[in-house]
Every structure is written in structure tokens, then in C-alpha cells.
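Reader: Got a minute to walk through this model with me? I'd like the overall picture, then a few residues.

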Amino acid sequence: MKSIKRQKRIAAVHDLSGFGKCSLTVALPIISATGVEACALPTAVLSTHTGGITGYTYRNLTEDMLPFTRHWKSLDLQFDAMYSGFLGSFAQLNIVSTFFDTFKTANNLILVDPVMADNGELYKVFTPEFATGMRELCKKADLIVPNLTEAALLLNEPYHPGPYTHAYIEELLIRLSELGPRQIVLTGVYFNEEELGAATFDVHTNVTDYVAVSRIPGSYHGTGDIFASTLLAGLMNNFSLNESTRIAVRFTANSIMTTYLAGTDHRFGVNFEANISGLLKDLELL
């Protein structure tokens with residue numbers, strides 16, 4: 001009889017939008033589909049996501065997060081990775097920092113996706129002080145996954161629109177690593193108008209790598225969460241940082257293309273579900 005490996009477990013600290021594919025509604029199914037147990041620590045509950053949709057409900061769950069942490073600790077839960085995304089308030093930065101301290105071991109991974117800005121602008125729900133707090137949280141991470149706008153905020157410098165040069169991207173990667181993370185994946189990287197992708201940097205190997213795909217028209221909500229969740233799924237299935245990034249870029253691009261060809265409203269997120277089987281093949285799970 002084939003031996004069964006121990007199932008890995010991650011804690012996903014994100015908001016939950018009832019409609020609109022982002023945060024927990026993409027992180028949980030993607031991570032679970034790849035054989036990894038996903039435990040949700042919700043930061044807020046919304047009726048829909050906030051990108052281009054108005055009239056949504058919003059419930060801040062800051063007061064529930066420390067009780068979650070204490071209860072999980074009382075159960076002696078162990079996590080192979082902790083993964084934070086959108087945080088609903090400034091106070092949650094300290095709470096997530098405490099969560100990391102509570103469950104950090106010598107062998108697990110902390111991934112911080114510093115969700116707070118895009119296209120050169122801080123999200124309206126955040127203040128410049130939030131960016132400063134996020135910088136402190138990133139110092140506790142093993143891996144961070146900022147876009148170009150978030151990278152500029154983390155480094156306290158002006159945002160520069162692309163196309164970029166390799167020298168500029170590599171300088172950003174090195175400076176981001178100086179905050180503390182040993183690995184960086186920078187998203188939204190492009191050197192011409194026809195392609196879009198990501199750059200990776202590993203402090204220990206001192207290796208920078210790039211992956212790009214053909215740019216698809218339009219702007220689609222939730223793709224950053226799909227990318228980061230897939231990246232983590234790759235790492236949890238023992239793929240390298242570069243391999244996991246390539247798998248995540250391909251899966252995200254395929255999901256966007258499926259949505260683009262169907263003519264689905266961009267605000268509603270992308271059809272990642274139709275591409276799960278391809279992801280499992282890439283991860284050698286099928």
C-alpha cells in the first residue's frame with residue numbers, strides 16, 4: 001500500500017468577500033485543491049469586494065483575531081506556513097505580528113502579501129501610516145510578494161511607472177530584501193508593453209529570475225491573491241521559488257485569458273476554477 005505523506009497546513013489571514021473572487025474565496029480553494037490544509041483567520045467580512053462595486057457591507061473582525069489566535073494555540077496547532085493578505089485596520093498589523101510570533105517555528109514559512117496599493121496609489125481605506133506599519137510586518141516575513149506600487153511604499157520612495165529596466169528591478173529586489181525577508185517576488189514587472197510578469201530574488205543564492213507572459217487586455221480583480229496563493233501552494237508542494245513563481249504566473253494568466261475570452265465583467269474576478277486541473281498537472285499532482 002502506498003504510504004500517505006503528512007498533510008501540510010497553512011494559516012491564511014485575509015478578508016472574506018461573499019461575492020467577487022479574491023482573498024479567502026480564492027486562497028482556500030486553490031490551496032486546498034493542491035493537497036494542503038488551509039485554515040482561515042478572517043480579518044473582515046464583506047458582501048462583495050470593493051473594486052468597482054458600491055453599496056457593499058463591511059464588518060471589521062479585529063476583535064475576533066486575538067481570540068482566534070489564543071484558541072488555536074490552546075489546541076497546539078502547528079502550521080507549515082502563515083500567509084497574510086488584506087488587513088482590515090491598522091490595529092490588525094500588530095495582531096498579525098503577534099500571530100506570527102505565536103506560531104513561528106524554525107521550519108515554517110511566513111509569506112506576507114502587503115496588500116495596500118496598486119497603479120501608483122494607496123488604497124483609499126489606508127493611510128500613509130499603514131504603509132509604515134506594513135513595512136514593520138514585512139520584516140518578520142520569510143517571503144514577501146509586493147507589486148511595484150507596494151514596493152515603493154515599503155521603501156518609502158516615489159512610485160515609478162513602467163516599462164522598467166533590469167537594473168531598476170534588481171535594485172528594488174535587493175533593497176526589499178534588506179527589510180528582512182530572505183525571498184522576494186515582485187509582481188507587475190514589465191520591460192515592454194507586450195508582456196507582464198514577475199521577478200524573484202533569493203538572498204541565500206543571490207539569484208534573480210524573471211518570468212513573463214503576453215499581456216492580456218483589461219484589469220482584473222483578485223489576480224494578486226490568485227498569484228500569491230498559487231505561489232505558496234507550489235512552495236508547499238516542494239517546488240523551488242522560481243518554479244513556483246512560473247507556475248503561479250502561468251495559472252494566473254490562464255485564468256485571466258479564460259475570463260477575457262468569456263467576456264465576463266472584470267469586476268467579478270477571474271475564472272480560476274476552470275484552470276485548476278492544469279495547475280494540478282503543473283504541480284505533478286495529476
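Author: Here is a short chat about the chain as a whole and some of its residues.

Author: One caveat up front: this is a predicted model, where local features need pLDDT of at least 70, side-chain atom pairs count only at pLDDT 80 or more, and totals for chains, interfaces and linings use all residues. Numbering runs from 1 along each chain as its sequence is written, and side-chain values use heavy atoms, with hydrogens and water left out.

Reader: Fine. What does the secondary structure of the protein chain come to?

Author: Nine helices and eleven strands. Those are DSSP runs numbered from the N terminus, with helices as H or I of at least four residues and strands as E of at least two.

Reader: And how does the radius of gyration sit against a compact globule?

Author: It agrees: the protein chain has 18 Å, and a compact globule with 286 residues would have a value near 19 Å. That radius is taken over C-alpha atoms, and the globule rule is 2.2 Å times the number of residues to the power 0.38. The C-alpha atoms fill a box of roughly 55 × 50 × 45 Å along the principal axes.

Reader: How much of the chain counts as buried?

Author: 51% of the 286 residues. Buried is under 20% relative accessible area, exposed is over 50%, and partly exposed is in between (1.4 Å probe, protein chains only).

Reader: Switching to Ile 216, where is it found?

Author: In the loop between β11 (207–214) and α7 (223–236). Ile 216 counts as buried because its relative accessible area is 14%.

Reader: What is Ile 216 in contact with, beyond its sequence neighbours?

Author: Leaving out neighbours within four places, Ala 253, Ile 256, Met 257 and Tyr 260; contact means heavy atoms within 4.5 Å. Ile 216 and Met 257 are 41 residues apart along the chain, with their C-alpha atoms separated by 6.9 Å.

Reader: Next, Leu 261: buried or exposed?

Author: Exposed, because its relative accessibility is 66%. Leu 261 is in helix α8 (residues 241–262).

Reader: Last one, Ser 97. Which helix is it in?

Author: Helix α3, residues 91–103. Ser 97 has 14% relative accessibility, so it counts as buried. Apart from neighbours within four places in sequence, Ser 97 is in contact with Leu 137 and Lys 140.
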